[in-house]
Amino acid sequence: MGVPLVDLQFSDADSELELKEKLGRNLVEAVSTVGFVYVKNSGISSESVARVNEVTEDFFKRPSEKKRKYQRDPEQNFGYVGIEAERTDVHKPGDYKEAFDMSGDVGFSEAAHWPDDLVPGYSALVKDFMKQCKRLGLYLLELLSLGLQLEPEHNLLKCHRSILSEGNKTTLRSLYYPPLPRDMKLLDGQLRCGEHTDYGTITLLFQDKAGGLQVKNSDGDYVDALPLEDTVLINVGDMLEYQTCGQLRSTMHRVVIPISDVNLRSLRRSLVYFIYADHSTIINKPLVYKPGSPWDKVNHDPNAAPITALEHVYRKWGATY
Ligand SMILES: O=C(O)CCC(=O)C(=O)O
Ligand SMILES: [Fe+2]
């Protein structure tokens, strides 16, 4: 089974609520198959994505000693990550990629160390994009809440109030997969991005035309999630898997190194917006459904030690960096 598509502009409904409920049902059904869905008419233009890629690429093309001045701060989850510095698959060599992590709480505070002196205008453009992603993300969380038939006072927006401010680690990550040098010998098992699940509630992924992303389907086989123009790829992360007691799955995915010689020498770009629940959210506590919701099949151990959103992301970051 491939990755399904949902068009947010679908308009066969008599009221706004009915429209949102239909979209929500479509979205939940879509993510309940492979955990990934292409979203069309997301409200974020490809021009906007291209502009952010342009400004962030300008940073990645600078010499290493300049980039190292913006080294990622592990507490903040803000800053530059060099080649092989992260093992998204903890059992494999470091990823052949560069990244710039921009946790929103830091990015919108005085503490942010933006590379504006190296690339003028970087922060203004990127912050505007982060706000666009927040708007889309909250809309998707509203739709998912309707699709899951959550009690309105316990919908997913309630545990995502602090996105881009203190109390929430929602992060935009700019990724730069450099071309492989001709004389480069990759390590055994090394990928552009090792097999992993995402840690948050949902992820918004904007990939370029290069390809290489693969998603594990329910048969355990990796299938290509090819770039589809004018769409955003959305996937379920660990937090939503926990909250739905495993009914929605945080699907394994990876970015492979191209096999053709031409593609080996080409670069790949992507922007990833990881939506995390507010710090104190207990993620391994079931969501609260309306009576009759087909998703209210909760298989939960009430004695399980509570895990907060903040603990979960720091535990994951601690293991992979
Ligand atoms: O670059 C991509 O397309 C995916 C990256 C990814 O999965 C991640 O950073 O979590
Ligand atoms: Fe990922």
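**Contacts and ligand sites in a predicted model**

Colleague: How far does the backbone oxygen of Lys-316 lie from a polar atom of the side chain of Thr-320?

Modeller: The structure is a predicted model, and the distance is computed from its atoms. The contact pairs the side chain of Thr-320 with the backbone of Lys-316. The separation between the polar side-chain atom and the backbone oxygen is 3.0 Å.

Colleague: Is Thr-320 buried or exposed, and in which helix is it found?

Modeller: A residue counts as buried when its relative accessible area is under 20%. Thr-320 has a relative accessible area of 5%, and is therefore buried. The element that contains Thr-320, spanning residues 309-320, is helix H8.

Colleague: Why does Leu-23 count as buried?

Modeller: Leu-23 is found in helix H1, which covers residues 16-31. The limit for a buried residue is under 20% relative accessible area. Leu-23 counts as buried because its relative accessibility is 0%.

Colleague: By what distance are the C-alpha atoms of Leu-23 and Gly-318 separated?

Modeller: Leu-23 belongs to helix H1. Along the chain, Leu-23 and Gly-318 are 295 residues apart. In space, the separation of their C-alpha atoms is 37 Å.

Colleague: Which residues are the protein donors of the iron ion (ligand 2)?

Modeller: The donors follow the spacing H-x1-D-x54-H along the chain. They lie 2.1 to 2.2 Å from the iron ion (ligand 2), with two histidines contributing NE2 and an aspartate contributing OD. Of these donors, His-196 and Asp-198 are both buried. The protein donors are His-196, Asp-198 and His-253.

Colleague: Which side chain has an N or O atom 2.8 Å from an oxygen atom of ligand 1?

Modeller: A polar side-chain atom of Asp-198 lies 3.1 Å from an oxygen atom of ligand 1. For His-253, the distance from an N or O atom of the side chain to an oxygen atom of ligand 1 is also 3.1 Å. The side chain at 2.8 Å is that of Arg-268.

Colleague: What percentage of the accessible area that ligand 1 has on its own does the protein cover?

Modeller: Ligand 1 sits in the largest cavity. The residues around ligand 1 include Arg-173, Tyr-177, Leu-205 and Phe-274. On its own, ligand 1 has 290 Å² of accessible area, and the share covered by the protein is 98%.

Colleague: Which elements give two or more residues to the shell around ligand 1?

Modeller: Among the residues around ligand 1 are Leu-175, Val-255 and Ser-270. The elements that give two or more residues to this shell span residues 171-177, 253-255 and 268-275. In that order, they are strands S5, S11 and S12.

Technical notes
Residues are numbered from 1 along each chain as its sequence is written. Chains are lettered from A and ligands numbered from 1 in the order in which they are written. This is a predicted model: local features need pLDDT of at least 70, side-chain atom pairs count only at pLDDT 80 or more; totals for chains, interfaces and linings use all residues. Side-chain values use heavy atoms; hydrogens and water are left out. Donors are N, O and S atoms within 2.8 Å of the metal (3.2 Å for Na, K and Ca); water is not among the atoms, so sites may look incomplete. Buried means under 20% relative accessible area, exposed over 50%, partly exposed in between (1.4 Å probe, protein chains only). A residue is near a molecule or strand if one of its heavy atoms lies within 4 Å of it. A polar contact is a pair of N or O atoms within 3.5 Å; within protein, one must be able to donate a hydrogen and the other to accept it, and residues adjacent in sequence count only if both atoms are side-chain atoms. Accessible areas come from the Shrake-Rupley method with a 1.4 Å probe; for residues, only the protein chains shown count as cover. On a 1 Å grid over the protein atoms alone, a cavity is a set of points where a 1.4 Å probe fits but cannot get out, and a pocket is an open set with protein on both sides within 12 Å along at least five of seven lines; lining residues have an atom within 4 Å of a point. A molecule sits in a cavity or pocket if more than half of its atoms lie within 2 Å of its grid points. Helices (H or I, at least four residues) and strands (E, at least two) are DSSP runs, numbered from the N terminus.
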